Amino acid sequence: MTVARVEKEPSPDDGERTGPAGVLATVNEVRLIGRLSLAAEEKELPSGDQLTAFRVVVNRPRDKRRGSRVQIDALECHTWVARVRRAAMTWQVGDVIEVNGSLRRRFFKTGGRLQSMTEVEVSSARRVSRAAAATRQAS
């Protein structure tokens, strides 16, 4: 989440990012460009609502100060948007995709214990390029 200090009067094109002069405005925007590592799966909730879930892997910039060996982040994504759900079902593991959305923290019980998970709720998405194997097969 990004926090920005607004030093000017809001203008009509600023949208919801700005408040009155000098007031902090918060933004919950996520943009990922990465590889699809878990194929999209449609789920029906007990309410009857449909959502589509998938996983995106992005490279993590190396930070020598931390000494971490982790080089990627695997991020769980889900969408309620019908257009995005249809597109996601055509993607293949290894495709490079771009998603835009917001972070959401979800709470649930497993084995009687309360747990949480942070996910990206996707509002728009597109395939940037096909997986290498799929490109070779199409040629």
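This report walks through the predicted model shown above, from its overall layout to a few individual residues.

## Overall layout

Let's begin with the chain as a whole. The protein chain holds two helices and seven strands. Reading from the N terminus, the elements follow the order β-β-β-β-β-α-β-β-α, so five strands are listed before the first helix appears.

The chain has 139 residues, and 26% of them count as buried. If you look at contacts with a separation of 6 or more, 51% come from residues 24 or more positions apart.

## The barrel

What do the strands build together? Five of them close into a barrel, in the order 3-4-5-7-6, with mixed pairing. From one strand to the next, the twist averages 40°.

A good place to start tracing the barrel is strand 3, which covers residues 30–44. On one side, strand 3 pairs with strand 6 (residues 96–110) in the antiparallel sense, over six bridges. Within strand 6, Val96 is the residue opposite Arg35. Strand 3 also pairs with strand 4 (residues 50–59), again in the antiparallel sense, and here there are seven bridges. Glu44 faces Gln50 of strand 4 in this pairing.

Strands 3 and 4 also make a hairpin, with five residues between them. Gly48 sits in that turn and has a positive phi of about 95°.

Further round the barrel, strand 5 (residues 72–79) and strand 7 (residues 113–129) run parallel and are joined by two bridges. His78 has Glu121 of strand 7 as its bridge partner.

As general background while you view these strands, side chains in a regular strand alternate between the two faces of the sheet.

## The largest pocket

How much space lies in the largest pocket? The value is about 220 Å³. The lining is made up of 14 residues, and those closest to the pocket's centre are Lys43, Ala53, Glu76, Cys77 and Glu119.

Which strands contribute to this lining? Strand 3, strand 4, strand 5 and strand 7 each supply at least two residues. Sorted by class, the lining contains seven nonpolar residues, one polar residue and six charged residues.

## Ser129 and Ala131

Two residues towards the C-terminal part of the chain make a nice pair to look at. Ser129 belongs to strand 7, while Ala131 is found in the loop between strand 7 and helix 2 (132–138).

Are these residues buried or exposed? Ala131 has a relative accessibility of 7% and therefore counts as buried, because the cut-off for buried is under 20%. Ser129 has 32%, so it counts as partly exposed.

Each residue also has partners from elsewhere in the sequence. Setting aside residues up to four places away, Ser129 touches Asp95 and Val96. The C-alpha atoms of Ser129 and Val96 are 5.2 Å apart, although 33 residues separate the two in sequence. Val96 is also the residue that stands opposite Arg35 in the pairing of strands 3 and 6.

For Ala131, the contacts beyond four places in sequence are Val93, Gly94 and Asp95. Asp95 is thus listed as a contact of Ala131 and of Ser129. Ala131 and Leu36 lie 95 residues apart along the chain, with 8.9 Å between their C-alpha atoms.

Conventions:
Residues are numbered from 1 along each chain as its sequence is written. This is a predicted model: local features need pLDDT of at least 70, side-chain atom pairs count only at pLDDT 80 or more; totals for chains, interfaces and linings use all residues. Side-chain values use heavy atoms; hydrogens and water are left out. Two strands pair if DSSP finds at least two bridges between them. Helices (H or I, at least four residues) and strands (E, at least two) are DSSP runs, numbered from the N terminus. Axes are lines fitted to C-alpha atoms, for helices over the stretch in contact, and angles run from 0 to 180 degrees between N-to-C directions. Buried means under 20% relative accessible area, exposed over 50%, partly exposed in between (1.4 Å probe, protein chains only). Contact means heavy atoms within 4.5 Å. On a 1 Å grid over the protein atoms alone, a cavity is a set of points where a 1.4 Å probe fits but cannot get out, and a pocket is an open set with protein on both sides within 12 Å along at least five of seven lines; lining residues have an atom within 4 Å of a point. Grid points are joined across faces, edges and corners, and a volume is the space filled by probe spheres set on the points. Ala, Val, Leu, Ile, Met, Phe, Trp, Tyr, Cys and Pro count as nonpolar, Asp, Glu, Lys and Arg as charged, and the others, Gly among them, as polar.
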